[in-house]
Amino acid sequence: MGEDVPAQEFTRADRTRHREKVRRNLDVFARMLREAHFDTDDPLTGLEVELNLVDETGDPALRNAEALEAIADAAFQTELGQFNIEINVPPARLREGGLTTFEEGLRRSLNHAEERSSTVGAHLVAIGILPTLAEGHLRPDSISANPRYRLLSEQILDARGEDILIKIDGPERLVTTADSILPEAACTSTQLHVQTSPDSFAAYWNASQAIAGVQLAMSANSPYLLGKQLWRETRIPLFEQATDTRSEELKVQGVRPRVWFGERWITSVFDLFEENVRYFPALLPIVHDDDPMEVLDDGGIPELAELRLHNGTIYRWNRPIYDVAGGVPHLRVENRLLAAGPTVVDTVANAAFYFGLVRAIAENDRPLWSQLSFTAAEENFHIAARDGIDAQQYWPGVGQVPATELVLRRLLPLAHRGLEAWGVEASVRDRLLGIIEGRCLTGVTGAGWFTDRMKRRATMERYDGLRATLLEYREAMHTNEPVHTWE
């Protein structure tokens, strides 16, 4: 939810006006899909990375305002927690060396940011969940200063009517409650964007859903939360629970969660926006004065502000995006399920695997989703989040198979083919997808490396071990050597 919103309270009348306006937005969007010219000729890809801030000892540094002032770069923005920041990397075309551009630009920006933020005692760490977080860091006074975060927290807690329960069972068990959505701030992610035409959007979204499990298995990097060893990608259950607006009774009634894998394959991008309006009440019912139908009738391009903001408060793991750039509308899939890190090259390898695989599957003559049940795709997703690279995945024509075997035998060749179709040079494909292959052969991801190091520190007090391991992780992160090669 990137749009700034003012601190305010909402009345019943506000919600009524918003419902009417967002439905009008939806009608306009349907007409645009039939009539408007979308930017589809030369698709762009994009990348955003959320980062944690730590002090010299490895503990969270609640200093994002000071860090951003020191960094002084508009590409860096606040995130929900004061121990988070985010970098938005300029979009690029893969056929024009986009993956190399992402890697070089991200390294350059992060090195500069680290140099500047370290002057205020805040060091950058790319990891899915900061393992040294303690319950005291997840209180309302740790929310960033931007009013939109506190407003969103209030709206989610008001809708829920009770404190948030976090309950995760892994090798260890965590049960805790929160009186704000601050636990969501523990989840730092990499967001990958791929632009599509209206006609191809459904295929790209369906393909993204189908491969979500193997993506997680190959890149898990969040094994610890509040001192407990939990899932290999603990971000998934944490995020699902931390932004849940449903009481226990509503869950039993089958009300859909706001953090949502979905429930079916789609035939159009319209399906997803229609579900948003049909199933989810507004958290931020802000209404603008424009009439989008009049704008369209006059030859303009509507912003559809209400529809977009509402979409930003429904946390699909693969989110549909409608945006306007240079006066031309476009669509893209936002792939939001991967953790940050461990290194820049690991992050870009994850991007290469996604961009290549999603194109190969989306453009296959026989849709994968005609052979794979949606339920199986969702089960793959949660099993991979729990077990990481050791996960078993179901795949059509193969059955239940280790994720590493599936990737090595079936999916890496597809990813190569997809990147070739994007126009990515063979040397770049080989180098980046070789990192995914290396993880499969060694069985090492960020989560596996971290838990292995913690086993070696089993005699230490838990948080002392987490601090020592995180500092070792941070040192290796700066080498930019892939995590599966770390000593």
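Helix packing, a hairpin and enclosed spaces in a predicted model

Helix α1 (residues 12-35) and helix α10 (residues 269-279) pack with their axes 11 Å apart and at an angle of about 175 degrees. Since angles over 145 degrees count as roughly antiparallel, α1 is therefore described as roughly antiparallel to α10. On the α1 side the contact is made by V22, R23, L26, F29, A30 and L33, and on the α10 side by V269, F270, F273, E274 and V277. Sorted by class, the residues of this contact comprise nine nonpolar and two charged ones, with no polar residue. The model in which this packing is seen is a predicted one, and the same caution applies to what follows.

A second helix pair involves α7 (212-219) and helix α14 (residues 374-387), whose axes lie 7 Å apart and which pack at an angle of about 10 degrees. Because angles under 35 degrees count as roughly parallel, this value makes α7 roughly parallel to α14. In this contact A212, G213, L216 and A217 of α7 meet N380, F381, A384 and A385 of α14. The residues of the contact of α7 with α14 divide into six nonpolar and two polar, and none of them is charged.

From the helices we turn to a pair of strands. Strand β14 (residues 392-395) and strand β15 (residues 399-402) run antiparallel and are joined by four bridges. Within this pairing, Y394 has Q400 in β15 as its bridge partner. The two strands, β14 and β15, form a hairpin with three residues between them, and in the turn G397 has a positive phi of about 80 degrees.

The next topic is empty space inside the model. Rolling a probe the size of a water molecule over the atoms shows where such space is left. The structure holds two cavities of 30 Å³ or more, and the largest cavity contains about 40 Å³ of space. Its lining is made by M218, S219, A220, G341, P342, D346, N350, R439, T445, G446 and V483. The elements that give two or more residues to this lining are α7 and α13 (344-362), and by class the lining of the largest cavity has four nonpolar, five polar and two charged residues.

The second largest cavity holds about 30 Å³ of space, and the residues that line this cavity are Q215, M218, S219, L338, N350, F353, I436 and R439. Here the elements that give two or more residues are α7, α13 and α16 (426-442), and α7 gives the most, with three residues. The lining of the second largest cavity divides into four nonpolar, three polar and one charged residue. M218, S219, N350 and R439 appear in the lining of the largest cavity and also in that of the second largest cavity.

Finally, there is a pocket to consider. The second largest pocket contains about 250 Å³ of space, and of the 18 residues that line this pocket, L110, N111, V344, M477 and H478 are the closest to its centre. At least two residues of the lining are supplied by each of β1 (45-54), α3 (98-117), β4 (123-125) and α13. Among the elements, α3 gives the most to the lining of the second largest pocket, with five residues. The lining residues of this pocket divide into 10 nonpolar, six polar and two charged. Helix α13 thus recurs, since α13 gives residues to the linings of the largest cavity, the second largest cavity and the second largest pocket.

Methods
Residues numbered from 1 in each chain as written. Predicted model: local features only at pLDDT ≥ 70, side-chain atom pairs only at ≥ 80, totals over all residues. Heavy atoms only, no water. 1 Å grid on protein atoms, 1.4 Å probe; cavity = no way out; pocket = protein on both sides within 12 Å on 5 of 7 lines; lining within 4 Å. Points joined across faces, edges and corners; volume = space filled by probe spheres on them. Nonpolar A, V, L, I, M, F, W, Y, C, P; charged D, E, K, R; others polar. Axes fitted to C-alpha atoms, helices over the stretch in contact; angles between N-to-C directions. Parallel < 35°, antiparallel > 145°, perpendicular 65-115°, else oblique. Contact = heavy atoms within 4.5 Å. Pairing = 2+ DSSP bridges.
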